[in-house]
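Trainee: I would like to learn how to read a structural model feature by feature, with the general idea set out before the particular case. Could we work through one together?

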Amino acid sequence: MREHTDPKVLAADWADPETDPTRINWPARQRLALIPFEVVDGRPVNPCEKTPIQRGRNLLGGWAENRTSDALASVRDEHGNRWIVLVERNRGRGWGLPGGFQDPGETSVIAACRELREEASLDLRRLVWYATKPRYVHSKRSSDEAWIVTVPCTVDLGTLNRRDFPRVFPRDDAKQAAWVRANTLQELTADLKDFHGGEVTSKNHVGMLTDWFAAA
């Protein structure tokens, strides 16, 4: 049985201070979970997959569910074309939706709105956001006892002339930020490659975008 919690996690002030999961009040955490999970012999059980790490938190700060939010901001131009904001992350991690871990006390929508500001310099706090269905995130950082659940959150700017789109700038861990034409996933993929030389590399974000296009 492989057990691992990264030393950086153990030393971090943002991580769960409890090192023994059997001492945690699991019923309280289970009631708040976005995706239900079981607890066996005082230890949480990943509800969606088995990983190479059976015990410990691997690279994640919290036992069981670690929450993130992703921001999907869209707009239509004067010709009816739809566009969304994507960012390219540093260290060769490819393009994807702005997003990241929720801070303590944040709702999914507040976290998504903050991540959009931090990564793409786009402040849409005054618009109406919608939280969609929580999704399990497949990640190398997870273990059988610690995993990621994200909530994609959407916001729509309506219809604007292309020249009036609010400008986006990369910040935080983003290398580039851009409005990308997105009438279909195929068009988004082609335009991202042709105009920005990139691609959406995260299978989790490809899945989110696929479902968003299907529902739109």
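Trainee: How far is the sulfur of C153 from the closest cysteine sulfur, and in which residue does that sulfur lie?

Mentor: Let me say at the outset that this is a predicted model, and then begin with the general idea. A disulfide is a covalent bond between the sulfur atoms of two cysteines. In this structure the closest cysteine sulfur to that of C153 belongs to C113 and lies 9.5 Å away, which is too far for a bond. As for its surroundings, C153 is buried, with a relative accessible area of 0%.

Trainee: How many disulfides does the count give, and where does C48 stand?

Mentor: The count of disulfides comes to zero. C48 is in no disulfide, since its nearest cysteine sulfur, that of C153, is 18 Å away, whereas the cut-off for a pair of sulfur atoms is 2.5 Å. C48 has a relative accessibility of 40% and so counts as partly exposed.

Trainee: Let us turn to charged side chains. How many salt bridges are there?

Mentor: The count comes to 17 salt bridges, and it helps to read each example together with the exposure of its residues. R23 pairs with E18, with the closest N and O atoms 2.8 Å apart, and R23 is exposed at a relative accessible area of 55%. Another salt bridge joins R125 to D123 at 2.6 Å from N to O; here R125 counts as exposed at 55% relative accessibility, while D123, at 40%, counts as partly exposed.

Trainee: Are the partners E106 and R114 buried or exposed?

Mentor: Both E106 and R114 are buried, and their salt bridge has its closest N and O atoms 2.7 Å apart. This pair also belongs to a network of salt bridges that links D103, E106, R114, E115 and E118.

Trainee: Which residues does the domain record cover, and what does that span contain?

Mentor: An unreviewed UniProt entry lists residues 66-206 as "domain: Nudix hydrolase", and this label comes from the record rather than from the coordinates. In the model, the span is 21% helix and 37% strand, and its end C-alpha atoms lie 20 Å apart.

Trainee: How should I read the two faces of a strand, and which residues of β6 lie on each side?

Mentor: The general idea is that in a regular strand the side chains alternate between the two faces of the sheet. For β6, one side carries R82, I84, L86 and E88, the other carries W83, V85, V87 and R89, and all of these residues are buried, so that both faces are covered. Taken as a whole, strand β6 spans residues 82-89, and eight of its eight residues are buried.

Trainee: Which strands are joined to β6, and how do they run?

Mentor: Let us take the partners in turn. Strand β5, residues 64-76, runs antiparallel to β6 and is joined to it by three bridges, with S74 having I84 as its bridge partner. The hairpin of β5 and β6 has five residues between the strands, and in it G80 takes a positive phi near 90 degrees. Strand β12, residues 174-181, is also antiparallel to β6 and is joined to it by seven bridges, and L86 stands opposite A178 in β12. Strand β7, residues 95-96, is antiparallel to β6 with two bridges, and V87 has G96 as its bridge partner there. β6 and β7 likewise form a hairpin with five residues between them, where R91 in the turn has a positive phi of about 60 degrees.

Trainee: Which residues have the most contacts inside the largest nonpolar core?

Mentor: The largest nonpolar core has 22 residues, and those with the most contacts inside it are V85, L116, L124, W129 and W179. β5, β6, α3, β11 and β12 each supply at least two residues of this core. A second, separate core of 15 residues includes L86, A178, V180 and L192. Recalling the faces of β6, V85 and L86 lie on opposite sides of that strand.

Trainee: Finally, where does T107 lie?

Mentor: T107 lies in the loop between β8 and α3, and it is partly exposed, with a relative accessible area of 41%. Its C-alpha atom is separated by 9.5 Å from that of A131, although the two residues are 24 residues apart along the chain.

How values were computed. Residues numbered from 1 in each chain as written. Predicted model: local features only at pLDDT ≥ 70, side-chain atom pairs only at ≥ 80, totals over all residues. Heavy atoms only, no water. Salt bridge = Lys/Arg side-chain N within 4 Å of Asp/Glu carboxyl O. Buried < 20%, exposed > 50% of the residue type's maximum accessible area, 1.4 Å probe, protein only. Helix = DSSP H or I, 4+ residues; strand = E, 2+ residues; numbered from the N terminus. Pairing = 2+ DSSP bridges. Core = buried A, V, L, I, M, F, W, Y, C linked by side-chain atoms within 4.5 Å.
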